[in-house]
Amino acid sequence: MQIYVVREGDSLDRIAAAFGASAEEIAYDNQISAPYPLAVGQALLIRSGGNAKQKRRVHVNGYAYPYIQESVLSETLPYLTNISVFSYGFTTSGSLVPPQTDDNWLIDAAWKQGTPPVLVLTPFDQTGMFNNYLISEITHNMAAQQNLIDQMFLTMEEKGFVGIDLDFEYILPQDRVAYADFVANVREQATPKGYFVSVALAPKTSAEQRGLLYEGKDYRLLGAAADSVLLMTYEWGYTYGPPMAVAPINKVREVVEYAVTEIPREKIDLGIPNYGYDWTLPFVQGTSRARSIGNAQAVRIAIENDARIEFDQIAMSPFFHYERDGVQHEVWFEDVRSMREKFSLVTEYDLRGMGYWQIMKLFRANWLLLDDTFEISKM
């Protein structure tokens, strides 16, 4: 695969001719609809001939809600080792709460394509927000904890889940050790049944990092307690924050550099965002709210508004500005260039693989680039 950045005066036919490729194939791979408009600065993935190369084997996970479009799921599953079904909750007494949308069809579809599903457990309250009271209760009340574990195993056996992903956020500092003990307890009981346990980690850069998102997540303890971890290396640019890259590579690297000092590399998956944000300007803290968009959608927005796509050489991420109905917008998203940088980190630090949050919107060029770069592990 090669990456080409669109210039002034380019057309898809002209680019295809220069590479000896098919314009229709380039359009399909990059999700460009007829009559094949382009944006200046747009990165295109182009198939090219060449010798087969030896590829490093990696584990690839993707998170999905049960209401994912069937066509998106079907096209994405071949590129995944596992699919994590988001999400199951629980009560203070340890009763397991299933997703609001039935997940049986998703689980069946995943197994039909040879991609085993994983049960994601989250401490959501009735409003859909992370609740650290729930975390405190389940980590300190051993009867409730055992009830939850028993119900998880029963559901996993009935539905065909092969592992558990624990996505607990905003853990109170005083629950730091208790949470790690909870993870270890789940794993101790899961291993004899043939299940694995993964845990999601907020993107820390030191053990002393302050803030509710970080203090309850002990990298060393959780790395030892779980079979694998996901570094949630995204959301620097987020819904309520100022415009910036969602996963700037310089910030992502800082997290990885710290993580490998606390956790064995063969247990670490790099978190990768499969989305971007569209902010209205000026940004007003406490009032502004960015709109989440897909990466292919971001390019379409640039084309529709005749915007030039720029590329930040520090964040290694694409962005652009446009005006609509008298309102200024700033958009940051991911393209094949920014994805290539993240893939390089996986190789450079010899990590186990990567986990995508989330796969709800199709980004075909990413999957093609991933397949060209790595051999995807299948269980």
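Leaving aside its neighbours within four places in sequence, which residues is L370 in contact with? I would like to keep that question open for a moment, because the model on the screen is a predicted one, and I want to go through the chain as a whole before I come back to a single residue.

The protein chain contains 13 helices and 17 strands, and its C-alpha trace spans about 70 × 50 × 40 Å along the principal axes. For a chain of 379 residues, a compact globule would have a radius of gyration near 21 Å, and since the protein chain has 21 Å, the two agree. Of these 379 residues, 55% count as buried. If we take the contacts in the protein chain with a separation of 6 or more, residues 24 or more positions apart account for 72% of them.

Turning to the surface, the protein chain exposes about 16,300 Å², and carbon and sulfur atoms supply 49% of that area. There are 32 positive and 48 negative charges, and the mean positions of these two sets are 4 Å apart.

Now to the interior. In soluble globular proteins, nonpolar side chains tend to be buried together. Here the largest nonpolar core has 104 residues, and those with the most contacts inside it are L121, L166, F168, M354, Y356 and L370. Helix α10, which covers residues 249-262, gives the most to this core, with 7 residues.

That brings me back to L370, whose contacts, once the neighbours within four places in sequence are set aside, are V60, Y79, F343, M354, Y356 and I376. Two of these partners, M354 and Y356, are themselves named among the residues with the most contacts inside the core.

Next, some details of the backbone, beginning with the loop between α2, residues 23-29, and β2, residues 43-46, where P35 is found. The peptide bond that leads from A34 to P35 is cis, with omega near 10 degrees. Y36 lies in that loop between α2 and β2 as well, and although Y36 is not a glycine, it has a positive phi of about 65 degrees. Is Y36 buried or exposed? With a relative accessible area of 28%, Y36 is partly exposed, given that buried means under 20% and exposed means over 50%.

A cis peptide bond also joins F86 and S87, with omega about -10 degrees, and S87 has its place in strand β4, which runs over residues 82-90.

A positive phi, near 55 degrees, is likewise found at D325, a residue other than glycine. D325 sits in the loop between β14, residues 317-324, and β15, residues 327-332, and at 77% relative accessibility it counts as exposed.

My last example is R176, which lies in helix α7, residues 176-190, and which is partly exposed, with a relative accessible area of 31%. Which residues does R176 contact, leaving aside its neighbours within four places in sequence? The partners are E215, G216, D218 and L221. As for distances, R176 and R352 are 176 residues apart along the chain, and their C-alpha atoms are separated by 25 Å.

To close, I would ask you to find L370 in the structure and then look for its partners V60, Y79, F343, M354, Y356 and I376, remembering that this is a predicted model.

Methods:
Residues numbered from 1 in each chain as written. Predicted model: local features only at pLDDT ≥ 70, side-chain atom pairs only at ≥ 80, totals over all residues. Heavy atoms only, no water. Helix = DSSP H or I, 4+ residues; strand = E, 2+ residues; numbered from the N terminus. Rg over C-alpha atoms; globule rule 2.2 N^0.38 Å. Buried < 20%, exposed > 50% of the residue type's maximum accessible area, 1.4 Å probe, protein only. Contact = heavy atoms within 4.5 Å. Areas by Shrake-Rupley, 256 points an atom, 1.4 Å probe, with all protein chains shown as cover. Lys, Arg positive; Asp, Glu negative; His and termini not counted. Charge placed at Lys NZ, Arg CZ, Asp CG, Glu CD. Core = buried A, V, L, I, M, F, W, Y, C linked by side-chain atoms within 4.5 Å.
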